[in-house]
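User: I'm new to this structure and would like a close look at just one helix. Could you walk me through how it sits among its surroundings?

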Amino acid sequence: MEFTKTPGWLDWYAGPSKPAFQLPPGSVDAHCHVFGPGAEFPFAPERKYTPCDAGKQQLFALRDHLGFARNVIVQATCHGADNRAMVDACLASAGKARGVATVKRSVSDDELQALHAAGVRGVRFNFVKRLVDFTPKDELLEIAGRIAKLGWHVVIYFEAVDLPELWDFFTAVHDDLATTIVVDHLGRPDVGLPVDGPQFELFVRFMREHPNVWSKVSCPERLSVTGPPALNGERNAYRDVIPFAKRIVETFPDRVLWGTDWPHPNLKKHMPDDGLLVDFIPHIATTAESQRKLLVDNPMRLYWPEEWKGS
Ligand code: 0GY
């Protein structure tokens, strides 16, 4: 099947630089995707965008180039609840990738077991209005209750402006669930606002009051207003995001994850050099201990607990 990319869609950055920052051994890229390839794994009819192809071989090559040991492959909305591309990538990874799936309430126990065997350890619910229609609370709770029995967790994606409206819903979900809840990309704050202003304080409070909530401190390229560095060899990019991500890493060091977000869906103006993204890490996790927790201990505890002996 032939797919035509959404107009203005930017392909991932070819030939990323080598990061100056050396990742700790065993580091996990805990948020990335595969797109198709569409001819093999068709995009979902209900998708809100059509991406470029970005398959598992390219993802694994990037992992090795940047110095990561493992990936967590998150189901992207362009594949709906058809997890085949993500599952195929996990199975081909020789144990170096785990997955986060999207499932509907109609999913059978056998299907959940097959996803588990492939390496899936979480389900994602998306609350970003431009990407999907919301999952109703009763459906989310029903699915979350079933996957909790497999030891999986819940990943949620929302934008900061919507947190006040979603607060009661997420709190009820949190209180009803024994699982970890991982928030994508710092809850997408407006980094043009103060880091200690009401919008980001609400997110910090959300994490403080809900001890099962973790956050990915990822996607500076998506959140940044000031944008990438000038073309002068400068490697300190997306500086306006640093105070936000650093605050979360320092306040909740045992509940943070980091990922590239390769191949970077829906970026219309600027496609990041993934090597530069890795060089963002030491600005938000400034000690060897916090880097090890962010990149190794935390993702290993969540995704490979059976292999994790502690550092
Ligand atoms: C991300 C961000 C986005 C898209 C998706 O599944 C998706 O389509 O997550 C976005 O457009 O902000 O985490 O990849």
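Analyst: Let's start with a term: a residue is buried if its relative accessible area is under 20%, exposed if over 50%, and partly exposed in between, using a 1.4 Å probe and protein chains only. Helices (H or I, at least four residues) and strands (E, at least two) are DSSP runs, numbered from the N terminus. This is a predicted model, where local features need pLDDT of at least 70, side-chain atom pairs count only at pLDDT 80 or more, and totals for chains, interfaces and linings use all residues. Residues are numbered from 1 along each chain as its sequence is written, and side-chain values use heavy atoms, with hydrogens and water left out.

Now for helix α1, which spans residues 56-66. Its buried residues are Lys-56, Leu-59, Phe-60, Leu-62, Arg-63 and Leu-66. They sit on the same side of α1, because they cover an arc of only 155° around the axis (taken from the directions from the helix axis to the C-beta atoms). An α-helix has 3.6 residues a turn, so residues three or four places apart point the same way.

What do the buried residues of α1 pack against? Their partners are two strands, β1 (28-32) and β2 (70-74), along with two helices, α2 (84-92) and α9 (274-278); contact here means heavy atoms within 4.5 Å.

Right after α1 comes Gly-67, with a positive phi near 100°.

As for those two strands, β1 and β2 belong to an open sheet of eight strands with parallel pairing, in the order β1-β2-β3-β4-β5-β6-β7-β8; two strands pair if DSSP finds at least two bridges between them. β1 and β8 (256-257) stand at the edges with a single partner strand each, so one side of each has no neighbour in the sheet.
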